[in-house]
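Trainee: Could you take me through one helix of this structure in detail, and then show me how its chain relates to the other copy?

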Number of protein chains: 2
Amino acid sequence: MNLADLSPAQLRQRIRQGAFAGPTAGLANGYAQANLLVVRRELAFDFLLFCQRNPKACPLLEVTDPGSFEPRRIAPGADIRHDLPKYRIYRHGVLEQEVADITPFWEDDMLAFLIGCSFSFEGALLANGIPVRHIEDGHNVPMYRSNLPCVAAGSLAGPMVVSMRPMPAALAIRATQLTSRFPAVHGAPVHIGDPRQIGIADLERPDFGDPAQLREGEVPVFWACGVTPQAVVMQAKPALAISHAPGHMFISDLRDEQLALI
Amino acid sequence: MNLADLSPAQLRQRIRQGAFAGPTAGLANGYAQANLLVVRRELAFDFLLFCQRNPKACPLLEVTDPGSFEPRRIAPGADIRHDLPKYRIYRHGVLEQEVADITPFWEDDMLAFLIGCSFSFEGALLANGIPVRHIEDGHNVPMYRSNLPCVAAGSLAGPMVVSMRPMPAALAIRATQLTSRFPAVHGAPVHIGDPRQIGIADLERPDFGDPAQLREGEVPVFWACGVTPQAVVMQAKPALAISHAPGHMFISDLRDEQLALI
């Protein structure tokens, strides 16, 4: 059976059983995937407030009740402790290890934040014939620390991390229209054009991911990136925090199109 | 000088000085007004989570830092303790009194939630030539407790309160398009047509506000209403909570059109 044909629930079951442990790009096409961040209750208010104040970088698909590992609105029956292929355990902001199951790390006052992922809007770009360079090249998307400030909340502060996709100006306009429909997955771009205007000195040296070639006549288009909340939380050095491993996302039951505002 | 010509900052100054104490409808036309709810820090996480889970009923324009009475993103320099014309003080969920200044009630761990108000989307309706019955009649909008459940958060739960505007079907379609642009002020309708389908037995007997006449050929159109969060919070009977008095809103520096998603 082809993995690409499995439903979100079937895929989560495979992952839970340890039968699939790879990156989730291309799986359950048309269904929204999510970034995961698990924190203790003591950090939850600040983080929820940070997300409210920075919706482009931190669009929340769901926040579980304190103590609950079931995202019952976007994937009833799922268990975020072992339904993702790979997790990262951070102690005091430092990556300690990667694991396939966070059950041993789960505490009764933890809760999960599930944050929209650009896979959803890239589907809309591809469906409109807009090529996505890093997908064509089989690379990770290039990401940069910009000088666009996030609005701070309590102990949480830092610059916005942005992802970049190069394209001709006409397609940048169309991409702006298309992604505006999807505020739950970062929405419209935050910048188009000269990277120095948002504090990026060299496009060829991304802070995360791989470079993407800017061809003659193309402009770089920048979107708020889901790495932002993770960077901001880790900078606050909580005693324990857990995230998905890059590219190893949570697969929800929501269709990408259900996230479209209009 | 005509009050209608004053800027939001000038109006807030007048209100702060006690020179204006009436309802704010029609003031600072084109600028967004907001519902206010002030709670202690102990209830803030549950309420913020409730808003995240029920964005149509509780669209947040701003949440202040704990202890802060300045909504610095939507109205820098404002002070929510005395920049609204009238407030309601609730003890254990019961209305105790109405006051013109909440400074004596403010506590160091309180914070303010400013929630989008339908005045903004009614401006868009009127600008499109869609008549708004309760404005024509000089009444308050009719509001009903529906059977549409809100998603609970901690101690906070309850049904969605909806507002109703009657109009011909063709205008209901246009109104759906127009209000979809404004998720920050309740967005698209939650129901069009038979009120019994959402648990409303008699349109002529609203739970809040005044009835609005349904004329031959008109359908009732229902939107999520900003009374919902207030009803839900008061039902949880917090020792102390403060809201604006109905119709006596906070006037922000945001233009209605800045709230439009696209």
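**One helix, two sides**

Mentor: Start with the side of α5(A) that faces away from its buried one: A:A169, A:A170 and A:Q177 sit there, exposed (12 or fewer other C-beta atoms, placed from the backbone, within 10 Å of a residue's own; 20 or more is buried, in between is partly exposed). This is a predicted model, where local features need pLDDT of at least 70 and side-chain atom pairs count only at pLDDT 80 or more, while totals for chains, interfaces and linings use all residues. Residues are numbered from 1 along each chain as its sequence is written, and chains are lettered from A and ligands numbered from 1 in the order in which they are written.

Now flip to the buried residues of α5(A): A:L171, A:A175 and A:T179. They end up on the same side of α5(A) because their arc around the axis is only 65 degrees (taken from the directions from helix axis to C-beta atoms). What do they pack against? Those buried residues meet α3 (119-127), β7 (159-168) and β9 (218-224) of chain A. Helices (H or I, at least four residues) and strands (E, at least two) are DSSP runs, numbered from the N terminus.

As for the bigger picture, chain A can be laid on chain B by a turn of 180 degrees and a shift of 0.0 Å along the axis, with an RMSD of 0.0 Å (least squares on C-alpha atoms of residues with pLDDT of at least 70 in both). That is how a two-fold axis relates copies. In chain A, A:F45 comes closest to that rotation axis, its C-alpha at 2.7 Å.

Conventions:
Contact = placed C-beta atoms within 7 Å.
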